[in-house]
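Subject: Structure for you to look at, with notes

Dear colleague,

Please find the structure below, together with its sequence. My notes on what was found follow after it, and I would be glad if you read them with the model open beside you.

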Amino acid sequence: MLANLFAVMAPVLAGAGLGFTWIRLGHPYPVEFVTRLVFNIGTPALVLASLAGAEIDAGSFGRTMLATALVMITLGGATFIVARLLQRDWRVLLAPMMYPNTGNMGLPVVLYAFGSAGFAFGITVMVTVSLFQFTLGAVLSSQGSPLKTLARTPTVYAILLALTLLLTDTTLPRWLYNSVELISGFTVPLMLITLGVSLASIQVKSLSSGVGFSLLRLPLAALLAWGIGSLLQLPPLALSILVLQMSMPVAVFNYLFAQRAGREPEYVASLVFCSTLLSLLYLPILLALLL
């Protein structure tokens, strides 16, 4: 069991560690370029390649998206309680409560833990979180119209195309599928390296509050994911991945949104940093329960 868990976590640690070490050695890393590349090209290709070639029915896909949305909404409601306990502004905690790192960290863990069969459900959760993050998140951080944000998000079109393929039981032409799969191959490694780069670049000032937030959010997110997923009768594999994905540490994008909105970015940075470090301790335990 320990060997299996290490096999899952080792690639994550290696990728993030590479990015972290690269920055600490003083080498440049074009974060903005890589982020745009991953977000505008890599992620849509990954969504299309994963869902177009996955054995997942439209019903399970839709229920998984619904379950993810309900978990996030419930976590958003619970923010008011957590904010009172931590004596913080709820607007600062709302995004860290709702948006876990289902991309940079969640997808690699799901891939190495559950393989290609589970990866499609991991993509489904990540896509749902991203849709919320770049619409509601854009509104709360005063970044303009969420409809315009959606219209300029290539992943949305990849989702619509993948859904059309699922509903019509159609497959991509072989040449197109091979091309999309090849392009999608750089996405997960770059996600991990960029995660390490981001962690190395974040200035952390409040470790104790970051740990306290993580200890409150983790069990709440895991229990809500299990409860809501069970009520919606998700397949066992989808339920396990929902619990795993929603238990991921705070997404790095929350720090970027906090910076743009001017809402205590240093504090949000501590939440990202501490929750990510703690995940190295609790993820093996959670994986042992789910696998």
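**Helix α4 and its surroundings**

In helix α4 the buried residues are V92, L93, L94, P96, M97 and M98. Please keep in mind from the outset that this is a predicted model. At the start of α4, the backbone nitrogen of R91 has a side-chain oxygen of D89 within 3.0 Å. The loop between α3 and α4 holds Q87, whose phi is positive, near 55 degrees, although the residue is something other than glycine. Q87 counts as exposed because its relative accessibility is 74%, where exposed stands for over 50%.

**The aromatic pair**

How many aromatic pairs does the count come to? The count comes to 1 aromatic pair, formed by F80 and W90, with 5.0 Å from centre to centre and 40 degrees between the planes, so that the pair is described as tilted, the term for angles that are neither under 30 nor over 60 degrees. The two residues belong to distant parts of the chain, F80 to helix α3 and W90 to helix α4, and they are 10 residues apart. Their C-alpha atoms are separated by 5.7 Å. Are these two rings buried, or do they reach the surface in part? F80 is partly exposed, because its relative accessible area of 46% lies between the limits of 20% and 50%, and W90 is likewise partly exposed, with a relative accessible area of 34%.

**Overall make-up**

Stepping back to the whole protein, the secondary structure consists of 14 helices and 0 strands, so the pattern read along the sequence is α-α-α-α-α-α-α-α-α-α-α-α-α-α. The protein has 291 residues, and 52% of them count as buried. When contacts between residues at least 6 apart in sequence are considered, 84% of them join residues that are at least 24 apart. The accessible surface amounts to about 13,300 Å², and carbon and sulfur atoms account for 68% of that area.

**The nonpolar core**

The largest nonpolar core contains 89 residues, and those with the most contacts inside it are V47, I123, L244, M246 and L283. Helix α5, which covers residues 106–133, gives the most to this core, with 13 residues. Which residues does V47 touch, once its neighbours within four places in sequence are left aside? V47 is in contact with A52, I123, M126, V127, T155, A158 and I159.

**Helix α11**

Helix α11 runs over residues 207–231, which makes 25 residues, and from its first C-alpha to its last it reaches 36 Å, close to the 36 Å expected at 1.5 Å a residue. Its buried residues are S209, G210, F213, S214, R217, A221, A222, L224, A225, I228 and G229, and these buried residues pack against α3 (58–86), α4 (90–98), α12 (236–246) and α14 (265–290). Helix α4, with which these notes began, is thus one of the elements that α11 packs against. Just after α11 comes Q233, with a positive phi of about 55 degrees, and this residue is not a glycine. Q233 is found in the loop between α11 and α12, and it counts as exposed because its relative accessibility is 65%, where exposed stands for over 50%.

**T194 in helix α10**

The last place I would point you to is T194, which sits in helix α10 (residues 187–201). T194 counts as buried because its relative accessible area is 8%, and buried stands for under 20%. The side chain of T194 makes a polar contact of 2.9 Å with the side chain of Y29. Not counting residues up to four places away in sequence, T194 touches Y29, V34, T35 and N104, so that Y29 appears both in this list and in the polar contact.

With kind regards

Note on methods
Residues are numbered from 1 along each chain as its sequence is written. This is a predicted model: local features need pLDDT of at least 70, side-chain atom pairs count only at pLDDT 80 or more; totals for chains, interfaces and linings use all residues. Side-chain values use heavy atoms; hydrogens and water are left out. Helices (H or I, at least four residues) and strands (E, at least two) are DSSP runs, numbered from the N terminus. Buried means under 20% relative accessible area, exposed over 50%, partly exposed in between (1.4 Å probe, protein chains only). Contact means heavy atoms within 4.5 Å. Accessible areas come from the Shrake-Rupley method with a 1.4 Å probe; for residues, only the protein chains shown count as cover. A polar contact is a pair of N or O atoms within 3.5 Å; within protein, one must be able to donate a hydrogen and the other to accept it, and residues adjacent in sequence count only if both atoms are side-chain atoms. The expected span of a helix is 1.5 Å times one less than its number of residues. A nonpolar core is a set of buried Ala, Val, Leu, Ile, Met, Phe, Trp, Tyr and Cys residues joined through side-chain atoms within 4.5 Å. Rings of Phe, Tyr and Trp (its six-membered ring) pair if their centres lie within 6.5 Å; planes under 30 degrees apart count as stacked, over 60 as edge-to-face and the rest as tilted.
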